[in-house]
Amino acid sequence: MDWYFIFPTVSTTFIVISAVLVAIGWGLAIKRRLDAHKKVMIAAAIAAILFFIIYSSRTVIIGNTAWGGPDSLKPYYLTFLLFHIVLATVAAVFGITTLVLGFKSKYAKHRKWGRITSIIWFFTAITGVAVYVLLYLMYPGGHTKPVIDAIFGW
């Protein structure tokens, strides 16, 4: 096993952990165990941040993975990937907003945003795992040039 496979596996694991923690945190909020809810949601945010650090580091240093499946499926994969990227971006913005509202004790808005954010995050995690399965298990692709190489012309 090499870095090409390890980084995506670890980063995807952090997304799954984050989504599971969000689900647990949501359940704790429903049960009004708000202290535990806060701790679990902070842990979920940390897992998401670790994902982002690993993912962005891999993108800059190693590069992203090219589609390795049949050309006939590539348009569907790219459409699915775009959907995932949009979801992830929205989830990140909503997640930060939801966390800030909670920390500022604006609980009515926090609850409204939290419900929507959680659902978007679950879909982001599911589609992220699907992208991982497609790129690394079903149709292993090749490497693309790392961003850092492209920037410096290496």
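Here is a friendly walk through this predicted model, point by point.

1. **The overall build.** Five helices and zero strands make up the elements of this chain. Reading from the N terminus, the order is therefore simple to write down as α-α-α-α-α. Along the principal axes, the C-alpha atoms fill a box of roughly 50 × 35 × 25 Å.

2. **Inside and outside.** The chain has 154 residues, and 33% of them are buried. About 9500 Å² of the chain is exposed, with carbon and sulfur atoms supplying 75% of that area. Take the contacts between residues at least 6 apart in sequence: 74% of these join residues at least 24 apart.

3. **Charges.** If you colour the model by charge, look for 14 positive and 4 negative side chains. The centres of these two sets lie 24 Å apart.

4. **The largest nonpolar core.** In soluble globular proteins, nonpolar side chains tend to be buried together. Here the largest nonpolar core has 14 residues, and Val22 and Trp121 touch the most other members. At least two residues of this core come from each of α1 (3-30), α2 (34-61), α3 and α4 (107-138). Helix α1 gives the largest share, five residues. Apart from this core lies another one, made of nine residues, including Phe5, Val131, Leu134 and Leu135.

5. **Trp121 and its surroundings.** Which residues is Trp121 in contact with, leaving aside its neighbours within four places in sequence? They are Ile15, Ser18, Ala19, Val22, Ala48 and Ala91. Val22 is thus worth a second look, as it shares with Trp121 the place of touching the most other members of the largest core.

6. **Ser18, a polar partner for Trp121.** Ser18 sits in helix α1. Is Ser18 buried or exposed? Its relative accessibility is 1%, so Ser18 counts as buried, the limit being under 20%. The side chains of Ser18 and Trp121 are joined by a polar contact of 3.0 Å. Beyond residues up to four places away in sequence, Ser18 touches Ala44, Ala47 and Ala48 as well as Trp121.

7. **Thr98 and Thr117.** Helix α3 (residues 74-103) is the place of Thr98. Thr98 counts as buried because its relative accessibility is 9%. What joins the side chains of Thr98 and Thr117? A polar contact of 2.9 Å does. Not counting residues up to four places away in sequence, Thr98 touches His110, Trp113, Gly114 and Thr117.

8. **Two residues of helix α4.** Arg115 lies in helix α4. With a relative accessible area of 47%, Arg115 is partly exposed, because exposed would need over 50%. Between Arg115 and Leu99 there are 12 Å in space, C-alpha to C-alpha, and the two are 16 residues apart in sequence. Ala130 is also found in helix α4. Its relative accessibility is 25%, so Ala130 counts as partly exposed. How many residues apart in sequence are Ala130 and Leu81? The answer is 49 residues, while the C-alpha atoms of the pair are 9.4 Å apart in space.

9. **Loop residues with positive phi.** Most residues other than glycine have a negative phi. Against that background, two loop residues deserve a moment of your time. Arg32 lies in the loop between α1 and α2, and phi of Arg32 is near 65°, a positive value in a residue other than glycine. Arg32 counts as exposed because its relative accessibility is 54%. Where is Ser105 found? Its place is the loop between α3 and α4. Ser105 is not a glycine either, yet its phi is positive, at about 60°. At 43% relative accessibility, Ser105 counts as partly exposed.

10. **Where to begin.** If you are opening the model with fresh eyes, you could start at Trp121, which is in contact with Ile15, Ser18, Ala19, Val22, Ala48 and Ala91. From there, follow the 3.0 Å polar contact to Ser18, then turn to the 2.9 Å polar contact of Thr98 and Thr117. The loop residues Arg32 and Ser105 make a good last stop.

Note on methods
Residues are numbered from 1 along each chain as its sequence is written. This is a predicted model: local features need pLDDT of at least 70, side-chain atom pairs count only at pLDDT 80 or more; totals for chains, interfaces and linings use all residues. Side-chain values use heavy atoms; hydrogens and water are left out. Helices (H or I, at least four residues) and strands (E, at least two) are DSSP runs, numbered from the N terminus. Buried means under 20% relative accessible area, exposed over 50%, partly exposed in between (1.4 Å probe, protein chains only). Contact means heavy atoms within 4.5 Å. Accessible areas come from the Shrake-Rupley method with a 1.4 Å probe; for residues, only the protein chains shown count as cover. Lys and Arg count as positive and Asp and Glu as negative; His and the chain ends are not counted. The place of a charge is taken as NZ of Lys, CZ of Arg, CG of Asp or CD of Glu. A polar contact is a pair of N or O atoms within 3.5 Å; within protein, one must be able to donate a hydrogen and the other to accept it, and residues adjacent in sequence count only if both atoms are side-chain atoms. A nonpolar core is a set of buried Ala, Val, Leu, Ile, Met, Phe, Trp, Tyr and Cys residues joined through side-chain atoms within 4.5 Å.
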